[in-house]
Amino acid sequence: MALSRLLSRQRYRDILLGLGLLLAAGALVLWPSQAMEAARTGLALCGNVIIPSLFPFFVLSSLVVELGMSRYLGRLLQPVMAPLFRVNGSCAAALALGVVGGYPVGARTAISLYQNGQCSRTEAERLLAFCNNCGPAFILGVVGTGIFGSGRAGLLLYLGHIAASLLVGLLFRFYKPSQEPGRGQGPAVQFQTTRFPVAFTRAVTGALQSTLNICAFILLFTVVIRILTVSGWLTGAAACLSALFGPLGLSQTWAEHLLAGVLEMSTGVSSLTSGALTGRISMAAFMLGWAGISVHCQVLAFLGDSGLSLRTYLVGKALHGILSAALITLLLRLFPLDCPASVYLAQQTEAIAHLDFHTALTISAVAAWAVWLAFLALAVYVVKKSSGKTARHRV
C-alpha cells in the first residue's frame, strides 16, 4: 500500500525513473563490451530471422485488410466466428494470419481491422487476447528441433499453443457480453480493387516501419538481459523468486529461466537446455504463450493512441501461457515423447525435424500465401454470388 501511494505521485515516479536511467547508464559504462556483443547478437537475429520472417507477413496482412478481402470473408465466416468468439466474420483474417504468421502479426492485423472500421472496439480487444500467436516455423524448427532435438516435441508444443489460444478466445467471448458482433462496423462493404497500387505501396512501407520497430525492441531487450545477467541482478531476482516459490518446486535455476522468458521469449526458451524434459517443455509452452515483455512492447507500439485496452491483451497472454503449460503437461501424459503418437504423425514430424530453420521458414511463408490466395478466392466467389443475386432481383 505504501509503495502504491508512493508511485501514485508524479514527483516520486520521476525520481525513480531518473534513478533507473542513471543505473542503466552506469551499467553501460561498466560493461561496454558485453553490451556491444549483445547488440551484435540482436542485430544478427534481426537480419537472419526477424526481418525475413515478419516482413512478408506484414505486407500480406496489410493487403488483406486494405483491399477489403476480410470484409467479404466476414459474410462466409460470420456463422463460425460469431457463436464461438463473439466477433464478426471479418476478424477471421486476424485469427488465420496470427496462426501462421507469428508474433506480432495477429495483433497488428486486429488493430488494422479496428482502425479500418471492420470491427468494433470490443471485438478488437477480444481478438488481441487470443490472435497474437507464435509462428509454426519458430516452434517446429527452432524450439522443437533446435532446442529439444525432437520434432515430436515441437509438434506437441504447437498443437498445445494453438489449442490454448482458441480456449482463450472462447473465454473472452464473455468479455463485455452486452457488445454484440457487428456493431460499429462502419461503411458498407466495397471491394476496393481500384486502390491496389495505393494499398500495395502503403503495405510495403508500413511493413518496413513495423519490422524496424520490432527490431529496435529486440535489440533493447537483448542488451538489457545481458546486462542483468553479468551484473548479477537476474541471479538475485531469481534467488528471491525461488525463496518465495521454493515449496512449489521452483529452484533458482528454473527461476532464472523463467525470468529470462518473461522478459524475452526466445532468450528464455533457448536457455532450457538442462533439467527434466517434461518440466522444460512445460516451461517452454508457458513462455511461448506469454510471449515476453519484448513482444508486448512491440504490440504497444502498434496500439499507439488507438484506445484499445492493453490490460485486456496482457490478461489474455497470461491465460495463454498458463493454459499452454497445462495442455502440454496433459499431452505429454497422453503421448510420451519416447512413444510415437501415431505412425502418420511420427512420419510427418520426422520430416520436419530434419529441416533447417530457413526451410521451415519457407514452408511457413508458403502457408501464409496459401491462406491469402484462399482469402482472395473466397472474396471473388462472394462477389460473383452477390452480383448474381443483385441481377436476379433487378429482373
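Biologist: Is Arg40 buried, partly exposed or exposed?

Modeller: The model is predicted, and the areas are computed from it. Partly exposed covers the range between 20% and 50% relative accessible area. Arg40 has 47% relative accessibility, so Arg40 counts as partly exposed.

Biologist: Which residue forms a salt bridge with Arg40?

Modeller: The partner lies with Arg40 in helix H3 (residues 32-66), three residues apart, about one turn of the helix. The closest N and O atoms are 3.5 Å apart. That is a salt bridge because the cut-off is 4 Å. The partner is partly exposed, with a relative accessible area of 38%. The residue is Glu37.

Biologist: How many salt bridges does the structure hold?

Modeller: Glu37 with Arg40 is one of them. Arg121 with Glu125 is another, at 3.2 Å from N to O. Glu125 also meets Lys176, at 3.8 Å from N to O. The total is three.

Biologist: Why are Arg121 and Glu125 separated by about one helical turn?

Modeller: An α-helix has 3.6 residues a turn, so residues three or four places apart point the same way. Arg121 and Glu125 both belong to helix H7 (residues 121-130). They are separated by about one helical turn because they are four residues apart in H7.

Biologist: Is Glu125 buried or exposed?

Modeller: Arg121, its salt-bridge partner, is partly exposed at 41% relative accessibility. Buried requires under 20%. Glu125 has 0% relative accessibility, so Glu125 counts as buried.

Biologist: How many residues apart are Glu125 and Lys176?

Modeller: The side chains of Glu125 and Lys176 meet in a salt bridge. This pair links distant parts of the chain: Glu125 is in helix H7, and Lys176 is in the loop between helix H9 (151-171) and H10. Lys176 is partly exposed, at 36% relative accessibility. Arg121, Glu125 and Lys176 are linked in a network of salt bridges. Along the chain, Glu125 and Lys176 are apart by 51 residues.

Biologist: How far away is the nearest cysteine sulfur from Cys91?

Modeller: The structure holds zero disulfides. Cys91 is in no disulfide, and the nearest cysteine sulfur is that of Cys119. A disulfide needs sulfur atoms within 2.5 Å. Cys91 is buried, at 0% relative accessibility. The nearest sulfur is away by 4.6 Å.

Biologist: What is the angle between the planes of Phe172 and Tyr175?

Modeller: The count comes to two aromatic pairs. Phe172 and Tyr175 form one, at 6.1 Å centre to centre. Both residues are buried. The pair is tilted, with an angle of 50°.

Biologist: Which residue has its charged end over the ring of Phe174?

Modeller: The charged end sits 5.3 Å from the ring centre. The cut-off for that distance is 6 Å. The residue is Arg173.

Biologist: What is the phi of Ala291?

Modeller: Most residues other than glycine have a negative phi. Ala291 has a positive one although it is not a glycine. Ala291 is found in the loop between helix H14 (277-290) and helix H15 (293-303), and is buried with a relative accessible area of 1%. Its phi is about 85°.

Biologist: Where is Arg86, with its positive phi?

Modeller: Phi of Arg86 is near 55°, in a residue other than glycine. At 14% relative accessibility, Arg86 counts as buried. Its place is in the loop between helix H4 (69-85) and helix H5 (92-101).

Biologist: Which residue with a positive phi follows H15?

Modeller: Among the buried residues in H15 are Val295, Val299, Phe302 and Leu303. The residue that follows H15 has a phi near 55°. The residue is Gly304.

Biologist: What separates the C-alpha atoms of Ala216 and Leu43?

Modeller: Ala216 is found in helix H10 (residues 196-231) and is partly exposed at 44% relative accessibility. Ala216 and Leu43 are 173 residues apart along the chain. Their C-alpha atoms are separated by 9.2 Å.

Biologist: Which residues make the nonpolar surface patch of about 380 Å²?

Modeller: One of them is Leu22, in helix H2 (residues 10-30). Leu22 is exposed, with a relative accessible area of 62%. The patch is made by Ile15, Leu16, Leu19 and Leu22.

Conventions. Residues numbered from 1 in each chain as written. Predicted model: local features only at pLDDT ≥ 70, side-chain atom pairs only at ≥ 80, totals over all residues. Heavy atoms only, no water. Patch = residues over 30% accessible without salt bridge, like charges linked within 9 Å, V, L, I, M, F, W, Y side chains within 5 Å. Areas by Shrake-Rupley, 256 points an atom, 1.4 Å probe, with all protein chains shown as cover. Helix = DSSP H or I, 4+ residues; strand = E, 2+ residues; numbered from the N terminus. Buried < 20%, exposed > 50% of the residue type's maximum accessible area, 1.4 Å probe, protein only. Phe/Tyr/Trp six-rings, centres within 6.5 Å; stacked < 30°, edge-to-face > 60°. Lys NZ or Arg CZ within 6 Å of the ring centre and 35° of its normal.
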